[in-house]
2 protein chains.
Amino acid sequence: MSRMVIIGAAQLGPIARAETRSEVISRMVRLLRQAAELGVDLLVYPELALTTFFPRWYMEDEAELDLFFEAALPNPAVQPLFDAARALGIGLCFGYAERVDDGGNIRRYNTSIIVGKDGTILHKYRKVHLPGHAEHEPWRPFQHLEKRYFSPGMEGFSVASGFGGMLSQAICNDRRWPETYREAALQGAEVMLIGYNTPRHYPLAPEHDHLQDFHNHLCLQAGAYQNGMWVVAVAKAGCEEGCDLIGESCIIAPTGEIVAQTKTLADEVICYPCDLDRCGEIRKNIFNFKLHRRPEIYTHLTIR
Amino acid sequence: MSRMVIIGAAQLGPIARAETRSEVISRMVRLLRQAAELGVDLLVYPELALTTFFPRWYMEDEAELDLFFEAALPNPAVQPLFDAARALGIGLCFGYAERVDDGGNIRRYNTSIIVGKDGTILHKYRKVHLPGHAEHEPWRPFQHLEKRYFSPGMEGFSVASGFGGMLSQAICNDRRWPETYREAALQGAEVMLIGYNTPRHYPLAPEHDHLQDFHNHLCLQAGAYQNGMWVVAVAKAGCEEGCDLIGESCIIAPTGEIVAQTKTLADEVICYPCDLDRCGEIRKNIFNFKLHRRPEIYTHLTIR
C-alpha cells in the first residue's frame with residue numbers, strides 16, 4: 001500500500017445555535033466535494049463538528065442539553081455525509097458529542113471518529129484533557145462547561161491502522177499537552193488528527209488573548225517534531241454566537257514545519273500530500289525513542 | 001525575598017582545542033563584568049563551558065580525554081571565576097565535564113552546576129539524554145561521542161531553591177525532550193537553565209540542517225509555555241574547530257515568548273528581569289496540572 005496520503009483539513013466557520021444537523025451536514029458535504037476535486041484521501045473536520053460549541057452555555061435541563069448529542073453514529077441526520085464520503089472514496093474524521101445510555105446510566109463524551117473509505121469506523125477517541133469548569137460561573141462572558149457536560153475518556157490515547165499508516169486522534173485542549181502526542185507516538189502513531197474550538201478570549205488570563213494563535217501552533221508544531229509525526233489540526237473558526245474562535249487550521253510535517261494553513265475564518269479546505277515514510281527522518285534519528293528516551297528516570301510523569 | 005530576578009545568558013563563541021582553562025575563564029570573567037554592569041543576579045553559561053566541545057573527536061587515550069575533565073570544582077584554574085562572581089554578588093550556572101573517581105571506578109558525566117551569590121554550589125545536574133553514538137564512525141565529518149565518553153545521569157531532573165524561586169537545569173539535547181521540562185515542573189521548577197553546543201550539521205539527517213535554529217527555539221518555547229516556566233538557553237556558538245555551532249541563545253517567558261536573544265555567534269551577554277510570579281499566569285490556569293493532567297491514563301510514558 002502506498003505510504004503517500006493526501007490529507008485534507010476542512011475548517012468550519014461558525015455554526016449558529018439554531019442551525020440544524022442537516023444544514024451543518026450540507027456544509028460538510030460541500031467541503032467534502034471540494035476535497036474530492038483536490039484528490040483528498042482523508043478529510044478532517046473540527047471538534048464537535050455537527051453543532052455549535054454548546055459548552056459555552058449553562059443548561060440545567062438535560063433534554064435541552066441532549067439536543068447537541070448523538071445517541072448513535074451514523075444516524076439519519078448524519079447519514080448523507082457518510083454516503084457522500086463513501087461514494088467519493090474519501091475517509092472522514094470528525095468530532096461530535098456522544099451520549100451513551102448504559103442501561104440507564106447516562107454518560108456523555110467529547111468524541112471523535114475516523115471513518116475509512118468504505119464507511120466503516122476505524123477508530124474512536126474520547127477526549128482525555130477536558131478544559132474549563134464544572135459549575136456555572138456567571139462572571140464569564142461565556143461559559144466553558146466541558147468539565148460539567150462531559151466525562152473524561154478513560155481509554156486514553158490509542159492508534160488504529162488505516163490509510164497505509166498508523167493514525168491517532170486528539171481533541172482541542174489535548175493538543176496543548178505533550179503527553180498526548182507522546183502516548184500516541186509510543187504506540188506507533190504517524191499521524192495525529194486534531195479538531196478544536198478555541199475562543200480567542202480566555203477569561204482566566206485575558207492578558208494572553210493576543211497569543212492564542214501562537215500557542216496553538218507552538219503546541220502543534222512541537223508535538224509534530226518531538227514525535228516525528230504528521231499533525232493535522234482543524235478549527236471551528238470565526239465569530240460563533242458572539243464568541244470569537246481562532247482559525248489557522250494547519251497541516252504540519254514531522255519536522256514541525258507548517259506545510260498548509262487556512263487563510264480565512266470560514267468554511268475552507270486545505271490539503272497536503274503526506275508521505276508517512278517521512279516520520280522516519282525524525283523517529284529513526286534525533287527522536288529515536290529506544291536509543292535516547294530514559295523512562296527509568298521519568299519518575300514524576302505518572303504520579304497521581 | 002523579591003521574586004524579580006535579572007537573569008543573564010553569557011553566550012560563548014568558539015573555544016579552540018588549544019585554548020587553556022585560564023584563557024577561557026578570562027573570557028567568562030569578562031562576560032561576568034559586563035553582566036554586573038547590567039545588574040544581573042544570575043549568569044548562565046553554555047554546556048561544557050570550560051573547553052572546546054571535545055566529543056567531536058575520537059580519543060582512545062584516557063589521559064588525553066581526561067584533559068577536558070574536572071576532577072573537582074572549584075579548582076585552581078576555575079577559582080578566578082568563582083572569586084569574581086562572589087565579589088560582584090552574581091550567581092553562576094555553567095556546564096563542565098565531570099570526572100568522578102569512586103575508589104578506582106571512574107565515571108564521567110556531562111554536568112552543570114548552579115552557584116549562589118555567596119559562592120556555594122546550590123544545584124548539580126548530570127545530563128540525562130545523551131545524544132550521539134558510542135563507537136567511532138569515521139564516515140562522519142565530526143564525531144558526537146557523548147554516549148562513549150559520558151555516563152548518563154541517574155539522578156534524573158531535580159530542583160533547588162535559590163534566587164527567590166525554584167530552579168532546575170538541563171543540558172543541550174535534554175531540551176528537545178518534553179519529559180525534561182515536565183519532570184522539573186512537576187517538582188515545582190519555575191526557571192529552567194540550559195546550556196548547549198549544537199552543530200548546524202546533523203550527519204544522520206542533513207536535509208534538516210536548515211531547521212536547526214527553528215527546532216532549537218520550538219522545543220525551548222514549547223517547554224516554557226507548556227510548563228509555565230522561564231527558560232534560559234545559552235549556546236556555545238560559531239565555527240569551533242571547523243564545526244559550525246548554532247547560536248540564538250535566548251530568554252523565554254512562561255508564555256513561550258522569546259524576550260531576549262543574542263545577535264552574534266560570539267561572546268555576548270543578554271539579560272532580562274524575570275518575574276517568577278508570572279509562572280502562575282500559566283500554571284494556575286491553562287496548565288494547572290492538578291486540575292487538568294491525567295496521569296492515570298498516561299500508560300506508555302514510563303514503559304521501559
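This is a short tour of a predicted model, with a selection to make at each stop.

Residues are numbered from 1 along each chain as its sequence is written, and chains are lettered from A in the order in which they are written. Because the model is predicted, local features need pLDDT of at least 70 and side-chain atom pairs count only at pLDDT 80 or more, while totals for chains, interfaces and linings use all residues; side-chain values use heavy atoms, with hydrogens and water left out.

**Stop 1: chain A as a whole**

Select chain A and show it as a cartoon. Chain A has 8 helices and 15 strands; these are DSSP runs numbered from the N terminus, with helices being H or I of at least four residues and strands E of at least two. The radius of gyration of chain A is 18 Å, close to the 19 Å that the globule rule gives for 304 residues, so the chain is as compact as a globular protein of that length. That radius is taken over C-alpha atoms, and the globule rule is 2.2 Å times the number of residues to the power 0.38. Along the principal axes, the C-alpha atoms of chain A fill a box of roughly 55 × 50 × 45 Å.

Of the 304 residues in chain A, 62% are buried (buried means under 20% relative accessible area, exposed over 50%, partly exposed in between, with a 1.4 Å probe and protein chains only). Among the contacts in chain A with a separation of 6 or more, 69% are between residues 24 or more positions apart; contact means heavy atoms within 4.5 Å.

**Stop 2: both chains**

Now show chain B as well. Two copies of a chain are related by a rotation about an axis and a shift along it. Here, a turn of 180 degrees and a shift of 0.0 Å along the axis lay chain A on chain B with an RMSD of 0.0 Å. The two copies are thus related as by a two-fold rotation axis. The superposition is by least squares on the C-alpha atoms of residues with pLDDT of at least 70 in both copies. Of the interface residues of chain A, 100% are also interface residues in chain B, so the copies meet through the same surface.

**Stop 3: Leu73 and Pro74**

Most residues other than glycine have a negative phi, and most peptide bonds are trans. Select A:Leu73 and A:Pro74: a cis peptide bond joins them, with omega about -5 degrees. A:Pro74 lies in the loop between strand 3 (69-70) and helix 3 (79-88) of chain A. In chain B, the bond from B:Leu73 to B:Pro74 is cis, with omega near -10 degrees.

**Stop 4: Glu248**

Select A:Glu248, in the loop between strand 12 (243-245) and strand 13 (250-252) of chain A. Phi of A:Glu248 is near 55 degrees, a positive value in a residue other than glycine. A:Glu248 is partly exposed, with a relative accessible area of 25%. For B:Glu248, phi is near 55 degrees, and the relative accessible area is 26%, which is partly exposed.

**Stop 5: B:Ala97**

Finally, select B:Ala97 in strand 4 (residues 91-102) of chain B. Is B:Ala97 buried or exposed? B:Ala97 is buried, with a relative accessible area of 2%. Beyond its neighbours within four places in sequence, B:Ala97 is in contact with residues including B:Leu48, B:Phe54, B:Phe68 and B:Phe150. Measure from C-alpha to C-alpha in the viewer: B:Arg108, 11 residues from B:Ala97 in sequence, is 7.1 Å from B:Ala97 in space.
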